[in-house]
Amino acid sequence: MALTLYVDTARWRAHQKHVQDQFPGLVPVCKGNGYGFGHERLAEEATRMGSDILAVGTTYEAARIKDWFGGDLLVLTPFRRGEEPVPLPDRVIRSVSSIDGVYGLVGARVVIEVMSSMKRHGVSEQDLPQLHSAIENVRLEGFAIHLPLDRTDGSDAVEEVIGWMDRLRAARLPLHTMFVSHLKADELARLQQQFPQTRFRARIGTRLWLGDHEATEYRGAVLDVTRVAKGERFGYRQQKAATDGYLVVVAGGTSHGVGLEAPKALHGVMPRAKGVARAGLATVNRNLAPFVWAGKQRWFAEPPHMQVSILFVPSDTTEPKVGDELVAHLRHTTTQFDRIVDR
């Protein structure tokens, strides 16, 4: 009995092909938990797609994935002096976001990140004159720019990239390759048309692997069902049942990521109102579970355990049976499955 990730493989791969066609030369990204699929599976998919390069989050991920992917590996986290050395093959390319970082990677293959409106990391315009001598002792694979997802000020993502292209060109720095993130297909095409001598390569993760929500589905298997009467005590904390119903033990707990939630950026009155309502219910131990039964998302009977969750299903609902599977609305990037099933 398991928490299972079901994949409509033909549909999933058709979506990958669609994204590939929209973004020629794209760089697949495999970081974190492998977007819910795992590093090994995404490395296999990148190989099947014919990718010559795969982007990973850290040097530790690169050390693991190198045995599953035979092409180049681009580490997205910038190099910092003093970081723990991790043995890596020559086909690993390091990202760098400072002049000092470039000097610290003599002989290495590097991609230099420029500072975007994200304000996260990157070299500044003032750093560019120093780059000439700095890049003499590295193998420069190109520059990169990581753009924000939302542009609430109405600014144009393409214009931001063009601004950096003009600065780099004015500084007489090589512009054979520019790695970009969070551009639309038509925006990438505009840049490629304006700068035909530069190869633009889109680094894409979420859109590539998770862009078709109907291609994947999590399901948790029902392990036990126990009838309880109103007022009966149950669980670790011996709470009382608010009404007659069933305690449904389902595969999927905190070790899988069930019950974990990343902070969200809320926009508008309605999303904020819903957030306030959820917070209010949580103060009285009413927490909505990600599991669905009989067409409705059910409530946790108590906080999820390590490997299972206990749900409360009222008595006026069809009783779940051991072996049934409940659809689970889970975030891929925070979920660890027990098994993956292609269908």
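## Exercises: sheet and cores

**Exercise 1. Trace the open sheet of eight strands and find its edges**.

Step 1. The strand order is β2-β9-β8-β7-β6-β5-β4-β3, with parallel pairing, in an open sheet of eight strands. The model is predicted; local features need pLDDT of at least 70, side-chain atom pairs count only at pLDDT 80 or more, and totals for chains, interfaces and linings use all residues. Numbering starts from 1 along each chain as its sequence is written, and side-chain values use heavy atoms, without hydrogens and water.

Step 2. Strands (E, at least two residues) and helices (H or I, at least four) are DSSP runs numbered from the N terminus. Two strands pair if DSSP finds at least two bridges between them.

Step 3. β2 (27-28) and β3 (53-56) each have a single partner strand, so one side of each lacks a neighbour in the sheet.

Step 4. Inside the order, β6 (residues 109-114) pairs with β7 (residues 139-146) over six bridges, in the parallel sense. E113 stands opposite A144 in β7.

**Exercise 2. Locate the largest nonpolar core**.

Step 1. A nonpolar core joins buried (under 20% relative accessible area, 1.4 Å probe, protein chains only) Ala, Val, Leu, Ile, Met, Phe, Trp, Tyr and Cys residues through side-chain atoms within 4.5 Å.

Step 2. The largest has 89 residues; F37, L131 and W209 are among those with the most contacts inside it. Helix α6 (residues 157-170) gives the largest share, seven residues.

Step 3. Domain 1 (7-210) and domain 2 (216-342), with bounds from an automatic or database domain assignment, both contribute, so this core lies between them.

Notes. Buried < 20%, exposed > 50% of the residue type's maximum accessible area, 1.4 Å probe, protein only.
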